[in-house]
Amino acid sequence: MGETISKRLKQQLGGEAEMEERAFPNPFPDYEPAASAALAAAGAEGTGCARPPPATDEPGLPFHQDGKIIHNFMRQIQTKIKDLLQQMEEGLKTADPHDCSAYTGWTGIALLYLQLYRVTCDQTYLLRSLDYVKRTLRNLNGRRVTFLCGDAGPLAVGAVIYHQLRSDCESRECITKLLQLHRTVVCQDSDLPDELLYGRAGYLYALLYLNTEIGPGTVCESAIKEVVDAIIESGKALSREERKAERCPLLYQWHRKQYLGAAHGMAGIYYMLMQPAAKVDQETLMEMVKPSIDYVRHKKFRSGNYPSSLSNETDRLVHWCHGAPGVVHMLMQAYKVFKEEKYLKEAMDCSDVIWQRGLLRKGYGICHGTAGNGYCFLSLYRLTQDKKYLYRACKFAEWCLDYGAHGCRIPDRPYSLFEGIKTLSKENKVEMSQVSQRNMHRSASSSPLPKDLSPRGGVTSRSSTEETHRSGFPWTPPASTIAGP
């Protein structure tokens, strides 16, 4: 008796050493709201006012009472961004000329310049964005159909850039070519998966991106509905095949493995189906999507983290692609759609895991690095306005300011959006701008460098508060987000 324990328990008990190998110990003290409130109360008592003064700095905190980043921390971020821009500029000289993807290739650079244009209003950046997207549009291969890893990304980004330049003919040509991929996507006889990186959900994102960036009706509702229906039918079919229709009405797999995370798994697919712009009917949301989300929820480890797949019982990955940093966005969106507190509570549980285990030795990237993990805190702060999450986001950004000093693994594509330097510039820039209620997303290599990297107002027609409040996954550009309010 007591000589044997379950495989799952063994893995949980023996996982601490591996956790230490995968993540650095978090050196930062956590946010203490009581101390913050005491400081504020002391300030109020000293002035004889009923309320604390509105814009006083709190010692040790990187933001003011109103949530805006303090000047010194802002300048640190701006200085680091300029440094990373210069590194990126040099590194791109040896980048893969054939990688056209947004994930690791030239479309990611085009997205970067497009956002720099939005922030600085410098036409030079828009023209540079055009240069890079032209390169990708000449090299489309038709092998993949998604926004991040396929032809849909260059075509969607190209359509938006041409739209910004008022080149309507070229913009429409990109949209037409994007819609020509539609037949392949909706065909149920194809072997196309449903996940975000390579599947139908990734194509759906490209369609919703266009309707947000260019305007409603750019892609007709019927085209979007056909893609949504294909995703739903595929999930229902696998659920029946696996005899899980009652527990998980929509079940998905990639390479014969039922992943749970954001990149290849169910969390990313459910997240896309819950987007208001996808217009999934209420009955389907309640009877198909919601119980499937609950099925994923019940796979949570005791730690608050999530397994990478249904067949994996090892609590080790805390990445956007696999684990709590990706699942958290599904949970937050479920809270917005279904208005049930359990989803918000579990999203908060995810954030605790990320705070403890999210400073990854694997690097600083979005997909499997510290910057991608930090987006959880920004999203929760936007949703709850709880300064604990703003504080945590700032601390992860502070960690990233020491880029290269921690001995992390060098990524395979060190100058890419999802793995490399551009990731870090983007995370710090979004940190700086979103919490200051400005509209901004990426920054990386550029020539010439702007004298002032501060966000500037009046770039887009939508308010920056709306932009940041509606954003979703880390790779979702705030100016083109498809998550609902």
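Buried here means under 20% relative accessible area, exposed means over 50%, and partly exposed is in between (1.4 Å probe, protein chains only). By that yardstick C376 is buried, at 1% relative accessibility. This is a predicted model, so local features need pLDDT of at least 70 and side-chain atom pairs count only at pLDDT 80 or more, while totals for chains, interfaces and linings use all residues. Residues are numbered from 1 along each chain as its sequence is written, and side-chain values use heavy atoms, with hydrogens and water left out.

**The annotated site**
- An unreviewed UniProt entry puts a "binding site" annotation on C321, C367 and H368; its positions follow the numbering used here, feature names are shortened, and annotations may be inferred rather than shown by experiment.
- These residues spread over 48 residues of sequence but cluster in space, with a largest C-alpha distance of 6.4 Å.

**C367 and H368 up close**
- C367 sits in the loop between α15 (341–357) and α16 (370–384), and H368 is in the loop between α15 and α16 too; helices are DSSP runs (H or I, at least four residues), numbered from the N terminus.
- C367 is buried at 3% relative accessible area, and H368 is buried at 14%.
- Leaving aside residues up to four places away in sequence, C367 touches Y103, H319, W320, C321 and F418, where contact means heavy atoms within 4.5 Å.
- With that same exclusion, H368 touches residues including Y103, C321, R409 and E419.

**Cysteines**
- The disulfide count is zero, taking a disulfide as a pair of cysteine sulfur atoms within 2.5 Å.
- For C376, the nearest cysteine sulfur is that of C350, 7.0 Å away.
- C169 is exposed, at 52% relative accessibility.

Terms used
Helix = DSSP H or I, 4+ residues; strand = E, 2+ residues; numbered from the N terminus.
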